[in-house]
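Student: I should like to understand the reasoning behind the terms applied to this model. May we take them one at a time?

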Amino acid sequence: MVDDGLIAEAGGRIVYAGPATDAPSGLDAKQRNNCGGRWITPGLIDCHTHLVYGGNRAQEFEQRLAGASYEEIARAGGGIVSTVKATRQASTEELIAAALPRLDALIAEGVTSIEIKSGYGLELDTERRQLQAARRLGSARAVTIRTTFLGAHTVPPEMKGDSSGYIDAICKTMLPQIAAEGLADAVDAFCEGIAFSPEETARVFATAKALGLPVRLHADQLSNLQGAALAARFGALSADHLEYADDEGIAAMGRAGTVAVVLPGAFYFIRERQTPPIEAMRRQRVRIALATDSNPGTSPLTSLLLAMNMGATLFRLTVEECIAAVTREAARALGLFAETGSLEPGKYCDLAIWNIERPAELVYRMGFNPLHTRVWHGKSHAASHIA
(Lines give C-alpha, C1' and ligand atoms only; values in the text may rest on other atoms or scores of the structure.)
Protein backbone atom coordinates (compact mmCIF):
# COMPACT_ATOMS: atom_id res chain seq x y z
CA MET A 1 0.00 0.00 0.00
CA VAL A 2 1.41 3.37 -1.05
CA ASP A 3 0.12 6.61 0.44
CA ASP A 4 0.43 9.79 -1.63
CA GLY A 5 1.29 7.66 -4.65
CA LEU A 6 1.96 8.59 -8.25
CA ILE A 7 1.64 6.55 -11.44
CA ALA A 8 3.18 7.87 -14.65
CA GLU A 9 2.54 6.38 -18.10
CA ALA A 10 3.88 6.93 -21.57
CA GLY A 11 2.74 5.16 -24.71
CA GLY A 12 0.19 3.15 -22.73
CA ARG A 13 2.78 1.68 -20.37
CA ILE A 14 3.74 2.51 -16.80
CA VAL A 15 7.04 4.37 -16.45
CA TYR A 16 6.81 4.93 -12.69
CA ALA A 17 4.60 3.68 -9.85
CA GLY A 18 5.33 4.50 -6.23
CA PRO A 19 5.47 7.34 -3.71
CA ALA A 20 5.17 10.76 -5.29
CA THR A 21 8.19 11.92 -3.30
CA ASP A 22 10.36 9.26 -4.96
CA ALA A 23 9.31 9.97 -8.54
CA PRO A 24 12.24 10.56 -10.92
CA SER A 25 13.01 14.25 -11.34
CA GLY A 26 13.07 13.90 -15.13
CA LEU A 27 9.33 13.13 -15.42
CA ASP A 28 7.69 15.92 -17.43
CA ALA A 29 3.96 15.25 -17.55
CA LYS A 30 1.95 16.63 -20.45
CA GLN A 31 -1.23 15.84 -18.54
CA ARG A 32 -1.87 15.39 -14.84
CA ASN A 33 -4.86 13.68 -13.23
CA ASN A 34 -5.58 14.20 -9.55
CA CYS A 35 -7.35 11.11 -8.26
CA GLY A 36 -8.43 12.88 -5.09
CA GLY A 37 -6.84 10.41 -2.71
CA ARG A 38 -8.71 7.45 -4.21
CA TRP A 39 -7.37 3.92 -4.14
CA ILE A 40 -5.80 2.62 -7.34
CA THR A 41 -5.33 -1.06 -8.12
CA PRO A 42 -4.25 -2.85 -11.26
CA GLY A 43 -7.16 -3.31 -13.64
CA LEU A 44 -9.10 -6.44 -12.76
CA ILE A 45 -8.62 -9.64 -14.77
CA ASP A 46 -11.30 -12.28 -15.28
CA CYS A 47 -9.18 -15.29 -16.17
CA HIS A 48 -11.87 -17.94 -16.75
CA THR A 49 -15.06 -17.26 -18.73
CA HIS A 50 -17.26 -18.87 -21.36
CA LEU A 51 -18.66 -15.51 -22.42
CA VAL A 52 -19.52 -16.30 -26.06
CA TYR A 53 -22.48 -18.62 -26.55
CA GLY A 54 -26.04 -18.83 -27.87
CA GLY A 55 -29.24 -19.13 -25.83
CA ASN A 56 -29.51 -19.60 -22.08
CA ARG A 57 -30.31 -22.38 -19.63
CA ALA A 58 -32.84 -20.86 -17.25
CA GLN A 59 -35.00 -23.97 -17.64
CA GLU A 60 -32.21 -26.13 -16.25
CA PHE A 61 -31.93 -23.77 -13.32
CA GLU A 62 -35.54 -24.58 -12.53
CA GLN A 63 -34.77 -28.30 -12.88
CA ARG A 64 -31.94 -28.03 -10.39
CA LEU A 65 -34.22 -26.19 -7.97
CA ALA A 66 -36.54 -29.19 -8.26
CA GLY A 67 -33.71 -31.54 -7.30
CA ALA A 68 -31.99 -32.62 -10.53
CA SER A 69 -28.20 -32.81 -10.39
CA TYR A 70 -25.74 -31.33 -12.88
CA GLU A 71 -24.83 -34.85 -14.04
CA GLU A 72 -28.48 -35.92 -14.42
CA ILE A 73 -29.29 -32.89 -16.57
CA ALA A 74 -26.21 -33.47 -18.74
CA ARG A 75 -26.93 -37.18 -19.25
CA ALA A 76 -30.52 -36.36 -20.28
CA GLY A 77 -29.32 -34.20 -23.16
CA GLY A 78 -29.25 -30.89 -21.32
CA GLY A 79 -26.24 -29.09 -19.96
CA ILE A 80 -23.45 -28.22 -22.35
CA VAL A 81 -25.15 -30.00 -25.27
CA SER A 82 -28.21 -27.71 -25.13
CA THR A 83 -25.96 -24.67 -25.38
CA VAL A 84 -24.10 -26.34 -28.25
CA LYS A 85 -27.34 -26.54 -30.23
CA ALA A 86 -28.11 -22.84 -29.71
CA THR A 87 -24.54 -21.79 -30.44
CA ARG A 88 -24.33 -23.78 -33.66
CA GLN A 89 -27.44 -21.97 -34.89
CA ALA A 90 -26.01 -18.50 -34.13
CA SER A 91 -23.98 -16.41 -36.57
CA THR A 92 -20.79 -14.66 -35.55
CA GLU A 93 -22.67 -11.36 -35.40
CA GLU A 94 -25.35 -12.88 -33.19
CA LEU A 95 -22.73 -14.34 -30.86
CA ILE A 96 -21.04 -10.93 -30.56
CA ALA A 97 -24.34 -9.14 -29.92
CA ALA A 98 -25.27 -11.63 -27.19
CA ALA A 99 -21.86 -11.43 -25.51
CA LEU A 100 -21.46 -7.65 -25.49
CA PRO A 101 -23.85 -6.96 -22.56
CA ARG A 102 -22.04 -9.59 -20.50
CA LEU A 103 -18.67 -8.10 -21.40
CA ASP A 104 -19.90 -4.59 -20.64
CA ALA A 105 -21.05 -5.67 -17.18
CA LEU A 106 -17.54 -6.93 -16.40
CA ILE A 107 -15.83 -3.87 -17.88
CA ALA A 108 -18.07 -1.62 -15.77
CA GLU A 109 -16.52 -3.15 -12.64
CA GLY A 110 -12.95 -2.35 -13.66
CA VAL A 111 -12.05 -5.42 -15.71
CA THR A 112 -9.29 -4.62 -18.22
CA SER A 113 -8.38 -8.18 -19.31
CA ILE A 114 -10.61 -11.20 -19.83
CA GLU A 115 -10.24 -14.77 -21.03
CA ILE A 116 -12.95 -16.24 -23.30
CA LYS A 117 -13.22 -19.95 -24.11
CA SER A 118 -14.86 -21.73 -27.00
CA GLY A 119 -16.35 -25.17 -26.32
CA TYR A 120 -19.98 -24.72 -27.37
CA GLY A 121 -19.42 -25.72 -30.99
CA LEU A 122 -17.78 -29.13 -30.71
CA GLU A 123 -17.09 -29.02 -34.44
CA LEU A 124 -14.61 -26.90 -36.33
CA ASP A 125 -16.83 -24.26 -37.92
CA THR A 126 -18.67 -23.28 -34.74
CA GLU A 127 -15.57 -23.44 -32.55
CA ARG A 128 -13.91 -21.13 -35.07
CA ARG A 129 -16.90 -18.74 -34.99
CA GLN A 130 -16.79 -18.58 -31.21
CA LEU A 131 -13.11 -17.70 -31.20
CA GLN A 132 -13.54 -15.18 -34.00
CA ALA A 133 -16.37 -13.55 -32.07
CA ALA A 134 -14.19 -13.39 -28.96
CA ARG A 135 -11.36 -11.74 -30.90
CA ARG A 136 -13.78 -9.18 -32.34
CA LEU A 137 -15.05 -8.29 -28.88
CA GLY A 138 -11.54 -7.02 -28.22
CA SER A 139 -11.90 -4.65 -31.16
CA ALA A 140 -15.35 -3.50 -30.06
CA ARG A 141 -14.28 -2.58 -26.53
CA ALA A 142 -11.19 -1.20 -24.80
CA VAL A 143 -10.20 -4.49 -23.17
CA THR A 144 -7.57 -7.20 -23.58
CA ILE A 145 -9.04 -10.51 -24.77
CA ARG A 146 -7.28 -13.86 -24.44
CA THR A 147 -8.92 -16.75 -26.26
CA THR A 148 -8.87 -20.42 -25.26
CA PHE A 149 -9.81 -23.38 -27.46
CA LEU A 150 -12.03 -25.71 -25.41
CA GLY A 151 -13.04 -28.19 -28.09
CA ALA A 152 -12.62 -30.95 -25.47
CA HIS A 153 -15.56 -29.66 -23.44
CA THR A 154 -17.83 -32.65 -23.99
CA VAL A 155 -18.59 -35.20 -26.70
CA PRO A 156 -20.84 -33.73 -29.42
CA PRO A 157 -24.28 -35.32 -29.68
CA GLU A 158 -23.57 -36.76 -33.13
CA MET A 159 -20.62 -38.69 -31.66
CA LYS A 160 -22.24 -39.77 -28.41
CA GLY A 161 -20.44 -42.80 -26.99
CA ASP A 162 -17.32 -42.22 -29.08
CA SER A 163 -15.19 -39.92 -26.98
CA SER A 164 -11.98 -41.42 -28.38
CA GLY A 165 -13.10 -40.71 -31.94
CA TYR A 166 -13.91 -37.14 -31.02
CA ILE A 167 -10.50 -36.68 -29.41
CA ASP A 168 -9.02 -37.94 -32.70
CA ALA A 169 -10.94 -35.21 -34.55
CA ILE A 170 -9.68 -32.56 -32.13
CA CYS A 171 -6.05 -33.65 -32.36
CA LYS A 172 -5.90 -34.36 -36.08
CA THR A 173 -8.17 -31.68 -37.53
CA MET A 174 -9.67 -29.07 -35.21
CA LEU A 175 -6.71 -28.08 -33.08
CA PRO A 176 -4.15 -27.88 -35.92
CA GLN A 177 -6.55 -25.69 -37.93
CA ILE A 178 -7.31 -23.40 -34.98
CA ALA A 179 -3.59 -23.06 -34.29
CA ALA A 180 -2.80 -22.37 -37.95
CA GLU A 181 -5.34 -19.54 -38.00
CA GLY A 182 -3.96 -18.04 -34.77
CA LEU A 183 -7.38 -18.04 -33.13
CA ALA A 184 -6.36 -19.44 -29.73
CA ASP A 185 -3.91 -18.26 -27.11
CA ALA A 186 -4.25 -21.49 -25.10
CA VAL A 187 -5.97 -24.89 -25.06
CA ASP A 188 -8.28 -26.18 -22.33
CA ALA A 189 -10.12 -29.45 -21.64
CA PHE A 190 -12.77 -30.76 -19.24
CA CYS A 191 -11.27 -33.75 -17.44
CA GLU A 192 -14.23 -35.31 -15.65
CA GLY A 193 -16.36 -38.43 -15.56
CA ILE A 194 -19.07 -36.77 -17.67
CA ALA A 195 -16.49 -35.43 -20.13
CA PHE A 196 -12.98 -36.79 -20.88
CA SER A 197 -10.62 -39.18 -19.14
CA PRO A 198 -7.10 -38.20 -18.07
CA GLU A 199 -5.73 -40.26 -20.96
CA GLU A 200 -7.91 -38.47 -23.51
CA THR A 201 -7.04 -35.12 -21.98
CA ALA A 202 -3.34 -35.93 -22.18
CA ARG A 203 -3.68 -36.57 -25.92
CA VAL A 204 -5.17 -33.10 -26.41
CA PHE A 205 -2.46 -31.50 -24.30
CA ALA A 206 0.34 -33.31 -26.13
CA THR A 207 -1.05 -32.03 -29.43
CA ALA A 208 -1.35 -28.50 -28.06
CA LYS A 209 2.21 -28.55 -26.81
CA ALA A 210 3.46 -29.81 -30.17
CA LEU A 211 1.69 -26.84 -31.77
CA GLY A 212 3.31 -24.40 -29.34
CA LEU A 213 0.14 -23.59 -27.38
CA PRO A 214 0.03 -23.46 -23.56
CA VAL A 215 -2.61 -25.49 -21.75
CA ARG A 216 -5.13 -25.03 -18.96
CA LEU A 217 -7.49 -27.57 -17.40
CA HIS A 218 -10.97 -27.87 -15.89
CA ALA A 219 -9.78 -30.21 -13.16
CA ASP A 220 -11.28 -32.16 -10.27
CA GLN A 221 -14.54 -30.20 -10.14
CA LEU A 222 -16.98 -33.07 -9.54
CA SER A 223 -14.61 -35.92 -8.70
CA ASN A 224 -10.91 -36.60 -8.26
CA LEU A 225 -9.42 -37.90 -11.49
CA GLN A 226 -6.00 -36.52 -10.55
CA GLY A 227 -6.58 -33.62 -12.91
CA ALA A 228 -4.41 -31.30 -10.82
CA ALA A 229 -1.43 -33.62 -11.20
CA LEU A 230 -2.13 -34.01 -14.92
CA ALA A 231 -2.16 -30.24 -15.38
CA ALA A 232 1.12 -29.96 -13.49
CA ARG A 233 2.70 -32.72 -15.60
CA PHE A 234 2.07 -30.66 -18.74
CA GLY A 235 3.22 -27.41 -17.14
CA ALA A 236 -0.27 -25.96 -17.43
CA LEU A 237 -0.76 -22.25 -16.87
CA SER A 238 -3.64 -23.12 -14.56
CA ALA A 239 -5.88 -25.84 -13.21
CA ASP A 240 -9.41 -24.57 -12.54
CA HIS A 241 -12.20 -25.54 -10.10
CA LEU A 242 -10.24 -28.13 -8.03
CA GLU A 243 -12.92 -28.89 -5.42
CA TYR A 244 -11.87 -32.57 -5.31
CA ALA A 245 -8.12 -32.14 -5.88
CA ASP A 246 -5.96 -34.16 -3.49
CA ASP A 247 -2.81 -33.19 -1.61
CA GLU A 248 -0.55 -34.88 -4.15
CA GLY A 249 -2.12 -32.96 -7.01
CA ILE A 250 -1.82 -29.65 -5.20
CA ALA A 251 1.82 -30.37 -4.35
CA ALA A 252 2.49 -31.15 -8.01
CA MET A 253 0.93 -27.83 -9.00
CA GLY A 254 3.17 -26.06 -6.51
CA ARG A 255 6.28 -27.63 -8.02
CA ALA A 256 5.15 -26.86 -11.58
CA GLY A 257 4.10 -23.27 -10.88
CA THR A 258 0.57 -24.01 -12.11
CA VAL A 259 -1.94 -21.43 -10.85
CA ALA A 260 -5.08 -22.64 -9.06
CA VAL A 261 -8.14 -20.82 -10.40
CA VAL A 262 -11.02 -21.18 -7.96
CA LEU A 263 -14.54 -20.50 -9.20
CA PRO A 264 -16.98 -19.80 -6.36
CA GLY A 265 -19.79 -18.80 -8.73
CA ALA A 266 -20.10 -22.36 -10.04
CA PHE A 267 -19.67 -23.80 -6.54
CA TYR A 268 -22.56 -21.62 -5.34
CA PHE A 269 -24.81 -22.07 -8.36
CA ILE A 270 -24.75 -25.89 -8.47
CA ARG A 271 -24.78 -26.03 -4.66
CA GLU A 272 -21.54 -27.92 -4.24
CA ARG A 273 -20.53 -28.84 -0.70
CA GLN A 274 -16.86 -29.69 -1.02
CA THR A 275 -14.71 -26.57 -1.14
CA PRO A 276 -11.34 -26.40 -2.92
CA PRO A 277 -8.39 -27.33 -0.65
CA ILE A 278 -7.32 -23.74 0.02
CA GLU A 279 -5.15 -24.63 3.03
CA ALA A 280 -3.23 -27.19 0.96
CA MET A 281 -2.72 -24.55 -1.73
CA ARG A 282 -1.31 -22.18 0.86
CA ARG A 283 0.98 -24.86 2.31
CA GLN A 284 2.31 -25.75 -1.14
CA ARG A 285 2.59 -22.07 -2.15
CA VAL A 286 0.27 -22.54 -5.08
CA ARG A 287 -0.81 -19.18 -6.45
CA ILE A 288 -4.57 -18.69 -6.26
CA ALA A 289 -6.63 -16.81 -8.85
CA LEU A 290 -10.37 -16.10 -8.83
CA ALA A 291 -12.71 -15.79 -11.81
CA THR A 292 -16.40 -15.61 -12.62
CA ASP A 293 -16.56 -18.76 -14.81
CA SER A 294 -19.30 -16.79 -16.59
CA ASN A 295 -21.31 -19.39 -18.50
CA PRO A 296 -24.97 -20.18 -19.20
CA GLY A 297 -25.30 -23.39 -17.22
CA THR A 298 -23.36 -23.39 -13.98
CA SER A 299 -22.26 -19.80 -13.33
CA PRO A 300 -24.28 -17.10 -15.13
CA LEU A 301 -22.22 -14.54 -13.25
CA THR A 302 -20.97 -11.27 -14.74
CA SER A 303 -19.58 -9.63 -11.60
CA LEU A 304 -15.97 -10.19 -10.65
CA LEU A 305 -16.54 -8.11 -7.50
CA LEU A 306 -19.22 -10.57 -6.39
CA ALA A 307 -16.89 -13.46 -7.23
CA MET A 308 -14.38 -11.89 -4.81
CA ASN A 309 -17.00 -11.74 -2.07
CA MET A 310 -17.91 -15.36 -2.75
CA GLY A 311 -14.25 -16.37 -2.66
CA ALA A 312 -13.91 -14.82 0.78
CA THR A 313 -17.26 -15.97 2.16
CA LEU A 314 -17.42 -19.50 0.72
CA PHE A 315 -13.73 -20.39 0.43
CA ARG A 316 -12.35 -18.24 3.29
CA LEU A 317 -9.84 -16.36 1.16
CA THR A 318 -8.46 -13.23 2.78
CA VAL A 319 -9.01 -9.74 1.40
CA GLU A 320 -5.40 -9.63 0.23
CA GLU A 321 -5.72 -13.03 -1.45
CA CYS A 322 -8.92 -11.98 -3.23
CA ILE A 323 -7.42 -8.78 -4.63
CA ALA A 324 -4.27 -10.57 -5.75
CA ALA A 325 -6.46 -13.33 -7.21
CA VAL A 326 -8.15 -10.97 -9.70
CA THR A 327 -5.02 -9.00 -10.59
CA ARG A 328 -1.53 -10.50 -10.20
CA GLU A 329 -2.43 -14.18 -10.03
CA ALA A 330 -5.12 -13.96 -12.70
CA ALA A 331 -2.49 -12.45 -15.00
CA ARG A 332 -0.21 -15.41 -14.28
CA ALA A 333 -3.05 -17.83 -15.07
CA LEU A 334 -3.28 -16.27 -18.54
CA GLY A 335 0.46 -16.01 -19.13
CA LEU A 336 0.12 -12.23 -19.07
CA PHE A 337 2.05 -11.27 -15.95
CA ALA A 338 4.90 -9.78 -17.97
CA GLU A 339 2.38 -7.33 -19.45
CA THR A 340 -0.22 -6.56 -16.78
CA GLY A 341 -1.57 -7.53 -13.34
CA SER A 342 0.61 -5.30 -11.16
CA LEU A 343 1.68 -1.67 -11.02
CA GLU A 344 5.24 -1.85 -12.31
CA PRO A 345 7.27 0.07 -14.91
CA GLY A 346 7.13 -1.53 -18.34
CA LYS A 347 3.69 -3.05 -17.90
CA TYR A 348 0.55 -1.78 -19.55
CA CYS A 349 -1.08 1.06 -17.65
CA ASP A 350 -4.24 -0.90 -16.81
CA LEU A 351 -5.82 0.57 -13.68
CA ALA A 352 -9.00 0.58 -11.66
CA ILE A 353 -9.59 3.69 -9.54
CA TRP A 354 -12.04 3.20 -6.70
CA ASN A 355 -14.37 5.25 -4.49
CA ILE A 356 -13.47 3.32 -1.35
CA GLU A 357 -11.90 4.06 2.02
CA ARG A 358 -10.06 0.75 2.32
CA PRO A 359 -9.39 -2.21 0.02
CA ALA A 360 -11.62 -4.54 2.06
CA GLU A 361 -14.63 -2.74 0.58
CA LEU A 362 -13.92 -4.37 -2.80
CA VAL A 363 -14.52 -7.77 -1.21
CA TYR A 364 -17.02 -6.87 1.51
CA ARG A 365 -19.82 -5.30 -0.52
CA MET A 366 -22.40 -7.29 -2.51
CA GLY A 367 -24.18 -5.82 -5.52
CA PHE A 368 -22.39 -2.47 -5.22
CA ASN A 369 -19.90 -1.08 -7.71
CA PRO A 370 -17.49 1.55 -6.32
CA LEU A 371 -15.51 2.03 -9.55
CA HIS A 372 -14.62 5.66 -10.26
CA THR A 373 -12.50 5.30 -13.40
CA ARG A 374 -11.08 2.45 -15.44
CA VAL A 375 -7.80 2.94 -17.33
CA TRP A 376 -6.84 0.60 -20.16
CA HIS A 377 -3.45 1.00 -21.84
CA GLY A 378 -3.18 4.51 -20.40
CA LYS A 379 -6.57 5.78 -21.55
CA SER A 380 -9.25 6.67 -19.00
CA HIS A 381 -12.87 5.56 -19.15
CA ALA A 382 -15.10 7.16 -16.52
CA ALA A 383 -17.33 4.64 -14.76
CA SER A 384 -20.56 6.29 -15.96
CA HIS A 385 -19.48 5.93 -19.59
CA ILE A 386 -17.75 2.54 -19.56
CA ALA A 387 -20.49 0.43 -21.10
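Tutor: The discussion below concerns a predicted model, beginning with its helices and turning then to a sheet.

Student: Why are helices α5 and α6 called roughly parallel to each other?

Tutor: Helix α5 (residues 124–140) and helix α6 (residues 163–180) pack at an angle of about 30°, with their axes 10 Å apart. Angles under 35 degrees count as roughly parallel, and α5 and α6 therefore receive that description. Their crossing is right-handed.

Student: Which residues make the contact, and how do they divide into nonpolar, polar and charged?

Tutor: From α5 come Leu124, Glu127, Arg128 and Leu131, and from α6 come Met174, Gln177 and Ile178. The residues of this contact comprise four nonpolar, one polar and two charged.

Student: How do you know that strands β7 and β8 pair?

Tutor: Pairing requires at least two bridges between the strands. Two bridges join β7 (residues 186–191) to β8 (residues 216–219), so the requirement is met. These two strands run parallel, and Phe190 stands opposite His218 in β8.

Student: What makes β4 and β11 edge strands?

Tutor: The open sheet has eight strands in the order β4-β5-β6-β7-β8-β9-β10-β11, with parallel pairing. Strands β4 (44–46) and β11 (288–290) each pair on one side only. Neighbouring strands of the sheet are turned by 25° against each other on average, direction ignored.

Student: How does helix α7 run relative to β7?

Tutor: Helix α7 (residues 198–210) lies across β6 (144–152), β7 and β8, at about 175° to β7. Angles over 145 degrees count as roughly antiparallel, so α7 is roughly antiparallel to β7.

Note on methods
Residues are numbered from 1 along each chain as its sequence is written. This is a predicted model: local features need pLDDT of at least 70, side-chain atom pairs count only at pLDDT 80 or more; totals for chains, interfaces and linings use all residues. Side-chain values use heavy atoms; hydrogens and water are left out. Helices (H or I, at least four residues) and strands (E, at least two) are DSSP runs, numbered from the N terminus. Axes are lines fitted to C-alpha atoms, for helices over the stretch in contact, and angles run from 0 to 180 degrees between N-to-C directions. Contact means heavy atoms within 4.5 Å. Angles under 35 degrees count as roughly parallel, over 145 as roughly antiparallel, 65 to 115 as roughly perpendicular and the rest as oblique. A crossing is left-handed if the near helix is turned anticlockwise from the far one by less than a right angle, and right-handed if clockwise. Ala, Val, Leu, Ile, Met, Phe, Trp, Tyr, Cys and Pro count as nonpolar, Asp, Glu, Lys and Arg as charged, and the others, Gly among them, as polar.
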